[in-house]
Amino acid sequence: MVYLPFDMVLFKILTRLNARSIDRYKCVCRQWRDGLSSFEFLLHHSTYVENYLDYVRDEGFYDVNEYYA
């Protein structure tokens, strides 16, 4: 079994989720709640979302509601 450090999971995987999923995963345990509520994670997630939406907009399809659904 491969062990992934929580920071890697938090910043490499969970930042790609939409806001609704992030709220759900806050209920997993205290460590996830604290990590997903931290300023660093929120900043990293908002940066990812902005970059993702810029990429989608440049490709010709743009639907913010779909990302946050």
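Let me start with helix α1, where Asp7 and Lys12 are exposed on one side, while Phe6, Val9 and Leu10 of that helix are buried. If we look down the axis of α1, the buried residues fall within an arc of 95°, so they line one face of the helix. Please keep in mind, as we go on, that what we are looking at is a predicted model.

What do those buried residues of α1 belong to? The largest nonpolar core has eight residues in all, and Phe6, Val9 and Leu10 are among them, together with Leu14, Ile22, Trp32, Leu36 and Phe41. Two elements, α1, spanning residues 6–13, and α3, spanning residues 30–37, each give two or more residues to this core, and the largest share, three residues, comes from α1.

That brings me to α3, in which Trp32, Gly35 and Leu36 are buried. Viewed down the axis of α3, its buried residues fall within an arc of 90°, so here too the buried residues line one face of the helix. Leu36 deserves a moment of its own: leaving aside residues up to four places away in sequence, Leu36 touches Leu10, Leu14, Ile22, Tyr25, Lys26, Phe41 and Leu42. Of these partners, Leu10, Leu14, Ile22 and Phe41 are, like Leu36, members of the largest nonpolar core.

Lys26, another of the residues that Leu36 touches, leads us to the charged pairs. How many salt bridges does the structure hold? There are two of them, and as general background, side chains of opposite charge can pair when their charged atoms come close. In one, Asp23 pairs with Lys26, and the closest N and O atoms are 3.6 Å apart. Asp23 is partly exposed, because its relative accessible area is 47%, and Lys26 is likewise partly exposed, with a relative accessible area of 27%. In the other, Arg33 pairs with Asp34, with 3.3 Å between the closest N and O atoms. Arg33 has a relative accessible area of 40%, so Arg33 is partly exposed, and Asp34, at 45%, is partly exposed as well.

Since cysteines tend to come up in discussion, let me turn to them now. A disulfide, in general, is a covalent bond between the sulfur atoms of two cysteines, and a search of the whole structure finds zero disulfides. As for how accessible the cysteines are, Cys27 counts as exposed, because its relative accessibility is 68%, whereas Cys29, at 32% relative accessibility, counts as partly exposed.

Finally, let us move along to helix α4, which covers residues 39–58 and includes His45. Is His45 buried or exposed? His45 has a relative accessibility of 9%, and because buried means under 20%, His45 counts as buried. The side chain of His45 also reaches the backbone oxygen of Leu17, at a distance of 3.0 Å. Ser46 is found in helix α4 too, but at 28% relative accessibility Ser46 counts as partly exposed. Although Ser46 and Thr15 are 31 residues apart along the chain, their C-alpha atoms are separated by 8.5 Å.

To close, I would come back to the two helices we began with, α1 and α3, which each give two or more residues to the largest nonpolar core, and in each of which the buried residues line one face, within an arc of 95° for α1 and 90° for α3.

Terms used: Residues are numbered from 1 along each chain as its sequence is written. This is a predicted model: local features need pLDDT of at least 70, side-chain atom pairs count only at pLDDT 80 or more; totals for chains, interfaces and linings use all residues. Side-chain values use heavy atoms; hydrogens and water are left out. Helices (H or I, at least four residues) and strands (E, at least two) are DSSP runs, numbered from the N terminus. Buried means under 20% relative accessible area, exposed over 50%, partly exposed in between (1.4 Å probe, protein chains only). A polar contact is a pair of N or O atoms within 3.5 Å; within protein, one must be able to donate a hydrogen and the other to accept it, and residues adjacent in sequence count only if both atoms are side-chain atoms. A salt bridge is a side-chain nitrogen of Lys or Arg within 4 Å of a carboxyl oxygen of Asp or Glu. A nonpolar core is a set of buried Ala, Val, Leu, Ile, Met, Phe, Trp, Tyr and Cys residues joined through side-chain atoms within 4.5 Å. Contact means heavy atoms within 4.5 Å. The arc is that of the directions from the helix axis to the C-beta atoms. A disulfide is a pair of cysteine sulfur atoms within 2.5 Å.
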